[in-house]
Amino acid sequence: MAKLIASLYGWVDSRLGLEEMLKFAKKKTVPVHKHSFWYYWGGISLFFFIVQAFTGVLLLVYYRPGPDAYESVRQITYEIHFGWLIRSAHSWSANLMVASVFIHMFSVYFMKAYRAPREFGWWSGMLLLIITLLFGFSGYLLPMDELAYFATKVGLEIPNALPIIGEPMTNLFRGGLEVGELTVQRFFALHVVVMPALFLPILVFHLWLVQKHGNATIPSEAEKPKSEQKSIPFFPNFLMKDLAMWLIALNVMALFASLFPWDLGEVADPLKPAPTGIHPEWYFMSAFQVLKIMGSVFPGALGEGLGITIFTLGLVLWTLIPLYDGKHEKGRRARNATYFGLLALAILVITTIWGYMVL
Amino acid sequence: MNANKTLTHTNGADTDAGDLMSRRTFAKVLFGGVGLCYAGAIGYPIYRYLASPIERSMETTKVSEVTLPDAATLELGAAMMFKFGSKPAMLIHHKDDTWSAMEAVCTHLACTVQYQAEENRIYCACHGGVYDAKTGAAVSGPPPKGLKAFNVKVQDGTVTVSKV
Ligand code: HEM
Ligand code: FES
């Protein structure tokens, strides 16, 4: 029996190069130090994405885009067995995924893991973050309840304010001048086909790079002599720990999803005024608040334009940080990069809290 | 004395090994059990979720009687289709003013059959099965048995079809 398996393995191996893959998988090591905890967050983000793909396909079984959208989500929530749970899991895991991706990004930033040779890891990661946010934005409209309707209506005003291309581009995404069933239909296509098709190859690239270069250690650790730097193999040692984290993530998600079932509001009605206290998802709150502040300081389109410009500029600088602080050196540049990171984090947190306080 | 010592020693080693084994088995059983619980806690809701429409159509098959309010206006020698539970059914008003009703699902491979007035027969277009228009009995072609027949009651212009 063992001989048979061995020869079968040999047959497959000589054709697919399994040994090579195993060697590649075993090559990576994960540094062990007092900040090792932060190495888990990429894996946790990946876990929530898998949950999204899984629960998303389950929702596809009953979800109908277009004029029936609200009714189909109502049926999923109230009539189909455990439909409320699948929907709640998809919504909770979406939020947890966005949170994990943010934590992952900031931890990478402060560990300076974007430095050579990992620049492409940073850039592909930024793309994954943006697509994750777009996943959230496009998915949020799909139930077509009041909140979904107004969040999308307001959200689309942001690209709409861009000069020249803003309006035509936004109208294309909206499928008309107003948010309606045609918007749901195309957001649906974006959400379940286009975004996964963009996300997956970038994800594979991202993971391949991590495997190729291994995890970066933190600068203070890298200064120590090689003999004092500790690390464990990724495969299978760290993978086991990763899986333990996934189990925790699963439990946390399941707890939230079942104890706090995701709400379905009233059906969207364009003739009804927006309910008071309407606000975007938490991960868009900061941008929303900055626009609001800009709008109150500078009147009209100028404020909006300035807000968008500041945000875009910040994002570009953030993305280009490996070009500024790419060398493994201490000094002014390294310190400035850290200050820039702290500033960005502070602005995000403060404007988010501010946004919730003035609701 | 010496022999005794050796004996104890061996015994001790044995129990150690035994403990180790049972501990390993215990861990295996524990992990297996917890794994099964997770599989169940995830698998059961998903199964029920996907099976929801099946349960619903099972409900509709529980129907035992269907009332067709305007069927009495059906001309002589004509037929109409209606839904009995979840399945298509056929009501025929014969030339001699008698009525028949049966499930319109071919007993061969489940195509929906049709009434052919000229030939006064029920015909299945899929593989040429033929049934008797009055009883639903299989006449020729592949069908292994007749169509499932219903009782028909006509009262005050209302036709009621019920399970036999
Ligand atoms: C990759 C495959 C994915 C598929 C096939 C998918 C599919 C779906 C479907 C069919 C819906 C509509 C049902 C409903 O509204 O409850 C939906 C809603 C939603 N999706 Fe996804 N999704 C995927 C990934 C994601 C990701 C990665 C995110 C976020 C980071 C996300 C966030 C959302 C949100 C916020 C909703 C609205 C939930 C609600 O309020 O009901 N989805 N998705
Ligand atoms: S299905 Fe009717 S004859 Fe084959």
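**Notes on the A/B contact and ligand 1**

1. No salt bridges turn up across the interface of chain A and chain B: the count is zero, taking a side-chain nitrogen of Lys or Arg within 4 Å of a carboxyl oxygen of Asp or Glu. There are, though, seven residue pairs in polar contact, both at pLDDT 80 or more (N or O atoms within 3.5 Å; within protein, one able to donate a hydrogen and the other to accept it, with sequence neighbours counted only if both atoms are side-chain atoms).

2. A word on the basis: this is a predicted model, with local features needing pLDDT of at least 70, side-chain atom pairs pLDDT 80 or more, and totals for chains, interfaces and linings using all residues. Residues are numbered from 1 along each chain as written, chains are lettered from A and ligands numbered from 1 in written order, and side-chain values use heavy atoms, without hydrogens and water.

3. Chain A brings 16 residues to the contact and chain B twelve (heavy atoms within 4.5 Å). About 1200 Å² is buried between them, 68% of it from carbon and sulfur atoms (accessible area lost on being put together, 1.4 Å probe, summed over both). On the chain A side, Tyr62(A), His81(A) and Phe82(A) lose the most area, together 45% of what that side buries.

4. Now ligand 1. Among the 20 residues around it, Gln52(A), Arg87(A), His90(A), Gly139(A) and His191(A) come nearest (a heavy atom within 4 Å). A polar side-chain atom of Arg87(A) sits 2.6 Å from a ligand oxygen, and one of His191(A) is 2.8 Å from a ligand nitrogen.

Notes: Buried area is the accessible area (1.4 Å probe) that two parts lose on being put together, summed over both.
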